[in-house]
Amino acid sequence: MMELTEMPNIGKEGSKKLIAAGINTPEELTKIGSKEAFIRIKSIDDTACFSMLQALEGAIRGIRWHHLPEPIKKDLKIFFDSLK
């Protein structure tokens, strides 16, 4: 079974935050999606930022977040701004 840290964009700190938010495996992250995962992390970590949201989406897609398509980045930005 793959570990969270084996996903793109997910390092040790990101993995710790995901686990603290109740997301323990790449499969769980993929199932709930980046937006729900971000909401869970944000509820326990006020410093969670837009880059983290993009990193989660990139991890699910198996790519570095810098390479997310522009329409996806725009959708994530609208979602992120709606949480403020």
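Arg 64 is partly exposed in this predicted model, with a relative accessible area of 41%. You'll find Arg 64 in the loop between α3 and α4. Leaving out anything within four places in sequence, Arg 64 is in contact with Pro 8 and Asn 9. Pro 8 is 56 residues away along the chain, yet its C-alpha atom and that of Arg 64 are separated by 5.8 Å. With Asn 9, Arg 64 makes a side-chain to side-chain polar contact at 3.0 Å.

Step back from that loop into α3 and look at Gln 54. Gln 54 has a relative accessibility of 5%, so it counts as buried, the cut-off being under 20%. Setting aside neighbours within four places, the contacts of Gln 54 are Trp 65, Leu 68, Lys 73 and Leu 76.

Also on α3, Glu 57 and Arg 61 join side chains in a salt bridge, 2.6 Å from N to O. The two sit four residues apart, about one turn of the helix. Why does that spacing suit a pairing along one helix? An α-helix has 3.6 residues a turn, so residues three or four places apart point the same way. The partners differ in exposure: Glu 57 is buried at 12% relative accessible area, while Arg 61, at 41%, is partly exposed.

Now for the nonpolar core. In soluble globular proteins, nonpolar side chains tend to be buried together. Here the largest such core has 20 residues, and the ones touching the most other members are Ile 10, Leu 18, Leu 29, Phe 38, Ile 41, Leu 53 and Leu 56. Two or more residues come from each of α2 (26–44), α3 (50–61) and α4 (70–82). The biggest contributor is α3, with five residues. Ile 41 is worth a click: beyond four places in sequence, Ile 41 touches Lys 17, Leu 18, Ala 21, Ala 48, Met 52 and Leu 56.

Ile 41 belongs to the buried set of α2, along with Pro 26, Leu 29, Gly 33, Ser 34, Ala 37 and Phe 38. Their cover includes α1 (12–20), α3 and α4. Have a look at the path of α2, too. For its 19 residues, a straight helix at 1.5 Å a residue would reach 27 Å, but the end C-alpha atoms of α2 are only 20 Å apart. Where does α2 bend? At Gly 33, by about 105 degrees. Gly 33 is also one of the buried residues of α2.

That leaves the salt bridges, eight in the whole structure. Lys 17 pairs with Asp 45, with the closest N and O atoms 2.8 Å apart. Lys 17 is in helix α1 and Asp 45 in the loop between α2 and α3, so this bridge ties together parts that are 28 residues apart in sequence. Lys 17 is partly exposed at 25%, whereas Asp 45 is buried at 14%.

Another salt bridge brings together the side chains of Asp 75 and Lys 35, at 2.8 Å from N to O. Asp 75 sits in helix α4 and Lys 35 in helix α2, so here the parts tied together are 40 residues apart in sequence. Asp 75 is partly exposed, at 38% relative accessible area, and Lys 35 is partly exposed as well, at 29%. Finally, follow the chain to Lys 77, Asp 81 and Lys 84, which are linked in a network of salt bridges.

Note on methods:
Residues are numbered from 1 along each chain as its sequence is written. This is a predicted model: local features need pLDDT of at least 70, side-chain atom pairs count only at pLDDT 80 or more; totals for chains, interfaces and linings use all residues. Side-chain values use heavy atoms; hydrogens and water are left out. A nonpolar core is a set of buried Ala, Val, Leu, Ile, Met, Phe, Trp, Tyr and Cys residues joined through side-chain atoms within 4.5 Å. Buried means under 20% relative accessible area, exposed over 50%, partly exposed in between (1.4 Å probe, protein chains only). Contact means heavy atoms within 4.5 Å. A polar contact is a pair of N or O atoms within 3.5 Å; within protein, one must be able to donate a hydrogen and the other to accept it, and residues adjacent in sequence count only if both atoms are side-chain atoms. The expected span of a helix is 1.5 Å times one less than its number of residues. The bend at a residue is the angle between axes fitted to the seven residues ending there and the seven starting there. A salt bridge is a side-chain nitrogen of Lys or Arg within 4 Å of a carboxyl oxygen of Asp or Glu.
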